[in-house]
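Let's take a walk through this one together, starting at a single bond and working outwards. Keep the model open beside you as you read.

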Amino acid sequence: MFRLPFAVLLTISQLFCGDSPRPDRMYKKVIGNKDALCNDGSSAVYYIGVNDSARWVIFLESGSYCLTRKQCEKRFGNKDTKILMTSKGMPEVTIGRDLLSINSQENKLFHSYSRILIPYCSSDSWMGTQTKSQLPDSRRGPSAKEFIFSGKIIFQSVIHELLGQFSQEVREIVFAGSSAGAIAVLNHMQWFQSLLSSKNISTKLSAIVDGGWFINFRESVTSKLSSEFFDISKPMSRACADFSNGYPCCLSAPCMLTQGYYPANVPTFFVSSMFDIYIIGDVVLRHVEDRTAFVESGGGDLITMLDLYGGAMNQSLAVVRSSNVSFFVPACFQHTFFSMSSLREKGGVLHYDKMFSQRNAVFR
C-alpha cells in the first residue's frame with residue numbers, strides 16, 4: 001500500500017480545510033497512543049512544524065507539578081493552572097518562539113529546523129508511567145477526580161511517531177526542555193539515544209536544558225517530595241532509585257551527570273540563573289514576610305542566605321568536568337529563560353503570569 005509522508009498529508013489537509021500552511025505555524029496533532037493521557041484523561045497532543053525534515057528541535061514544556069491529591073485538586077480547580085492538566089482548550093495552531101522561531105534574527109542557530117512542541121499536561125515532570133490514578137482517595141465517592149500521570153508515555157509516544165514518519169530523513173535532533181521539561185531531557189536522553197541506536201538511525205543528538213540545574217539547597221528538593229512521586233513513576237528508573245546523596249538522583253542535574261545516568265557523549269548546554277527563584281523562592285519570601293527580623297538584621301540574614309546559595313551553586317557547577325557540558329549562568333533572579341510559543345504569550349492558554357506565582361512573587 002502506497003503511503004504519503006506525514007508532512008505531505010498535513011499540507012494537503014490544511015489546504016482542503018481552508019487554512020493555507022504558513023512556515024511560522026505549528027499544528028496540533030493528537031498522539032495516537034491511547035495511553036498517552038493528560039491528568040484528566042484527555043488525549044495528549046503535540047505541535048509540529050515541518051521545515052527541514054533532516055533537522056529537528058524537540059521541546060518539552062515546563063509547569064511545576066502536583067503529587068498529592070490535595071495538590072492536584074487545587075491545581076485542577078484553578079482555571080489558570082487547570083490547562084496544565086488537560087489538552088482541552090489547546091488551540092489548533094501555535095506560533096514558535098525563541099528556539100522554535102523561524103525568524104533568523106530571533107533564532108540564528110535553529111530557524112530552519114523542523115519543530116516539535118510538546119505541551120505539559122501530566123504534572124509529573126514527564127516521569128509518570130501510570131494510566132490509572134495512583135493517588136489515594138479517602139472519599140471514594142463518584143465525585144473524586146481520578147488523576148492520571150503518564151508524562152513518560154506521552155514523551156516516548158511522540159518520539160515513536162516522529163521516527164515512524166521521518167526515520168529515513170532525520171540527521172540531527174536538538175532535545176530541549178524548561179524546568180519540568182529540563183528534568184525530562186536529563187532522564188530520557190539515555191532512552192532516546194538507545195532507541196536511535198536500536199533502529200540503526202545515525203543521528204546527531206544534542207541538548208539544551210533551561211532552568212533545570214536543581215540543587216538541594218536547604219532541602220529545596222527533598223522538601224517538595226512525597227511518597228506519591230515514587231508511585232507515579234513506577235517502575236522507577238535507576239536514577240530515581242539512587243539516594244546516595246539523600247534524595248532521588250533523577251531530580252538533580254549534577255547528580256545525573258556525575259553518576260553517569262546522563263550520556264557523557266551528548267553535547268549539552270545548561271541555561272540557569274545563579275539565583276534560581278524557583279529553588280530559593282520559599283526562603284526569600286519567608287525573610288521578606290518576616291519584616292521585623294528582616295529589618296532588625298538590616299537585611300543581613302537574607303544577604304547571607306543568598307551568598308550561601310551562590311556558593312552552593314558554584315560548588316555544584318565545579319563538580320561537573322566534561323568537555324561536552326557547557327553553562328550559561330547569569331547572576332539574576334529568574335527560573336526559566338525560554339518562552340517557546342504563542343501559547344506562553346499574554347492571552348495564551350499557558351501564559352506565565354497566570355501560572356507561576358508563589359504568594360506575591362511571579363516566576364519568570
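**Starting from a sulfur bridge**

The S-S bond of cysteine 38 and cysteine 121 has a torsion of about -80 degrees, so this disulfide is left-handed. What does the pair tie together? Cysteine 38 sits in the loop between β1 (25-30) and β2 (45-49), while cysteine 121 belongs to the loop between β5 (113-118) and α3 (151-166), so the link ties together parts that are 83 residues apart in sequence. The two sulfur atoms of cysteine 38 and cysteine 121 are 2.2 Å apart, and both of these cysteines are buried. Bear in mind as you look around that this is a predicted model.

How many disulfides are there? The count comes to 4. Number the bonded cysteines along the chain and the pattern reads 1-4, 2-3, 5-7, 6-8.

Next up is the bridge of cysteine 66 and cysteine 72, with an S to S distance of 2.2 Å. Is that link left-handed or right-handed? With 95 degrees about the S-S bond, the link of cysteine 66 and cysteine 72 is right-handed. Cysteine 66 and cysteine 72 are both buried.

Further along the chain, cysteine 240 is joined to cysteine 250, with 2.1 Å from S to S. The torsion about the bond of cysteine 240 and cysteine 250 is about 100 degrees, so here too the disulfide is right-handed. Cysteine 240 lies in helix α6 (residues 238-241) and cysteine 250 in the loop between α6 and α7 (253-258), so this pair ties together parts that are 10 residues apart in sequence. Are these two buried or exposed? Cysteine 240 has a relative accessible area of 2%, so it falls under the 20% limit and counts as buried. Cysteine 250, at 1%, is buried as well. For contrast, look at cysteine 332: its relative accessible area is 21%, which makes it partly exposed.

Now go back to the loop between β5 and α3, because serine 150 has its place there too. Its relative accessible area is 0%, so serine 150 is buried. What is serine 150 in contact with, once you set aside its neighbours within four places in sequence? The list holds Asp35, Ala36, Leu37, Ser122, Asp124, Gly128, Thr129 and Gln130.

Time to zoom out. The protein has 364 residues, and 54% of them count as buried. Its secondary structure comes to 11 helices and 13 strands. Take the contacts between residues at least 6 apart in sequence: 75% of them join residues at least 24 apart. As for the outside, the accessible surface is about 16,500 Å², and carbon and sulfur atoms account for 53% of that.

What about the inside? In soluble globular proteins, nonpolar side chains tend to be buried together. Here the largest nonpolar core has 103 residues, and the members that touch the most others are Ile58, Ile118, Trp126, Phe192 and Trp213. Helix α4 (residues 180-198) provides the largest share of this core, with 10 residues.

Helix α4 is worth keeping highlighted, as the spaces in the model bring us back to it. The second largest pocket holds about 330 Å³ of space. It is lined by 17 residues, and those closest to its centre are Lys152, Asn187, His188, Ser237 and Arg238. Which elements give two or more residues to that lining? They are α4 and α6, and α4 gives the most, with 4 residues. So α6, the helix that holds cysteine 240, also helps to line this pocket.

Last stop: the enclosed space. The count comes to 1 cavity of 30 Å³ or more, and the largest cavity has a volume of about 280 Å³. Of the 18 residues lining it, Tyr65, Ile183, Lys224, Leu251 and Tyr278 are the closest to its centre. Which helices supply at least two residues each to the lining of this cavity? Both α4 and α8 (277-289) do. Helix α4 therefore turns up in the core, in the lining of the second largest pocket and in the lining of the largest cavity.

Notes
Residues are numbered from 1 along each chain as its sequence is written. This is a predicted model: local features need pLDDT of at least 70, side-chain atom pairs count only at pLDDT 80 or more; totals for chains, interfaces and linings use all residues. Side-chain values use heavy atoms; hydrogens and water are left out. A nonpolar core is a set of buried Ala, Val, Leu, Ile, Met, Phe, Trp, Tyr and Cys residues joined through side-chain atoms within 4.5 Å. Buried means under 20% relative accessible area, exposed over 50%, partly exposed in between (1.4 Å probe, protein chains only). Contact means heavy atoms within 4.5 Å. Accessible areas come from the Shrake-Rupley method with a 1.4 Å probe; for residues, only the protein chains shown count as cover. A disulfide is a pair of cysteine sulfur atoms within 2.5 Å. On a 1 Å grid over the protein atoms alone, a cavity is a set of points where a 1.4 Å probe fits but cannot get out, and a pocket is an open set with protein on both sides within 12 Å along at least five of seven lines; lining residues have an atom within 4 Å of a point. Grid points are joined across faces, edges and corners, and a volume is the space filled by probe spheres set on the points.
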